Amino acid sequence: MKFSYFPGCTLKNKAKDLDEYARKCAEVLGATLEEIEDWQCCGGVFTTSKDEIATKLSSVRILKAAQAKEQALVTVCSACHNVVKQTNYAMQNDSEFAGKVNRYMNDGDYDGSTQIYHYLELIRDVIGFDKVAEKVVNPLKGKKIAAYYGCLLLRPNSVMRMDDPENPSIIEDLIRAMGAEPVIYPYRNECCGGYVRMESPEFADKKSNTVSTSAKNAGADVIVTACPLCKYNLEKAGSEVPVVYITELLAEALGVKEDTNE
C-alpha cells in the first residue's frame, strides 16, 4: 500500500524521531509513505477568518499533489493534520472560500476529494490493530502508558471525526496492541497551553503541569503523544513523567528502533 505523505516542518528538525519512526514502522506494517515533493509549511494554524486564504494555499497544494497521484494523504504531526484536514473541509463545504482559492491558484480546481488519514487512523482504519499485534516482537509488557491527545487531534469534532472528543480510545487501543497497559486520566484531551507559551509561559506551565501531574497521579510510567508542540510544552514545563512520541513506542515494539537510529 502506498500513500502520499506530508511530514511538515517540525518533523524535519525538532521532531525527526517522529518522522523516522513513522516511516520505518509503516514499512513493517505493509504501508509505504511517499513524501510529497516540494511541499511547504502547512501554515501552522487554521485561521477562521473568512477573507484570509493565503495561509491555506500550501495545504491545498499538498492535497492536490496527493490527488494527482491518486493516493490518500497521511500526516503524523497533530498540528499539521488539523490544518490540512480543516482546509480540506473548507474546500468541500465553503464554496466562497473554495472559489477564492481556485481562482488564486489558477492551475486546475481542487474539490476537496483527497482522503486524509492521520497516522493513527491509518493504523486503525487501514492496517488494523490486529496486524500491529501480529508484528510486535518486543511487547511493552509492564509499561503503564498515558496517552496525551491534546486539542488538535480531536477538535473541532465536526471536522476531525477521528474519535470521541470527550472519551477517545484510538491511542489506548494502539497501546494495548503493543502489549502495554493504557492509563486513563482526566486531562488526556485537555490543552497543554502550547500556543500561548511565548505570551504567557507561566500560564502554559500551569496547563502542562496539570496534564503531566494528572498522568503521574494515575500511575503512568510514560506519556505518549503525536504532537511535537505538546511534547515540547510538557517537557519545557518540567514534566516528571517522560514524554515520548507514539511512533517511538511503536518502533520499540516492532523491533525497528535501533535500526532507525543507525
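Two strands count as paired if DSSP finds at least two bridges between them. Keep that in mind while working through this predicted model.

**Exercise 1.** Work out which strands pair with β7, and find the bridge partners of Ala-146 and Thr-225.

*Solution.* Start with β5 (residues 144-147): three bridges join β5 to β7, and the two run parallel. Three meets the cut-off of at least two, so β5 and β7 pair. Here Ala-146 has Ile-223 of β7 as its bridge partner. Now try β8 (residues 243-245), which also runs parallel to β7 and is joined to it by three bridges. On this side, Thr-225 is partnered with Tyr-245 in β8.

**Exercise 2.** Decide whether the faces of β7 are covered or not, then follow Val-224 into its surroundings.

*Solution.* Take the strand (residues 222-225) one side at a time: Val-222 and Val-224 sit on one side, Ile-223 and Thr-225 on the other. All four are buried, so both faces are covered, buried being under 20% relative accessible area. Next, skip the neighbours of Val-224 within four places in sequence; its contacts then include Ile-145, Ala-147, Ile-171, Val-244 and Leu-249. Val-224 is also among the residues with the most contacts inside the largest nonpolar core, which has 76 residues. Another core, of 14 residues, lies apart from that one and includes Tyr-148 and Cys-192.

**Exercise 3.** Describe what lines the largest pocket.

*Solution.* The pocket holds about 460 Å³ of space. Its lining has 19 residues, with Thr-10, Lys-14, Pro-228, Leu-229 and Tyr-232 nearest the centre. Sort them by type: 12 nonpolar, three polar and four charged. Finally, α10 gives the largest share, five residues.

Definitions and conventions. Residues are numbered from 1 along each chain as its sequence is written. This is a predicted model: local features need pLDDT of at least 70, side-chain atom pairs count only at pLDDT 80 or more; totals for chains, interfaces and linings use all residues. Side-chain values use heavy atoms; hydrogens and water are left out. On a 1 Å grid over the protein atoms alone, a cavity is a set of points where a 1.4 Å probe fits but cannot get out, and a pocket is an open set with protein on both sides within 12 Å along at least five of seven lines; lining residues have an atom within 4 Å of a point. Grid points are joined across faces, edges and corners, and a volume is the space filled by probe spheres set on the points. Ala, Val, Leu, Ile, Met, Phe, Trp, Tyr, Cys and Pro count as nonpolar, Asp, Glu, Lys and Arg as charged, and the others, Gly among them, as polar. A nonpolar core is a set of buried Ala, Val, Leu, Ile, Met, Phe, Trp, Tyr and Cys residues joined through side-chain atoms within 4.5 Å. Buried means under 20% relative accessible area, exposed over 50%, partly exposed in between (1.4 Å probe, protein chains only). Contact means heavy atoms within 4.5 Å.
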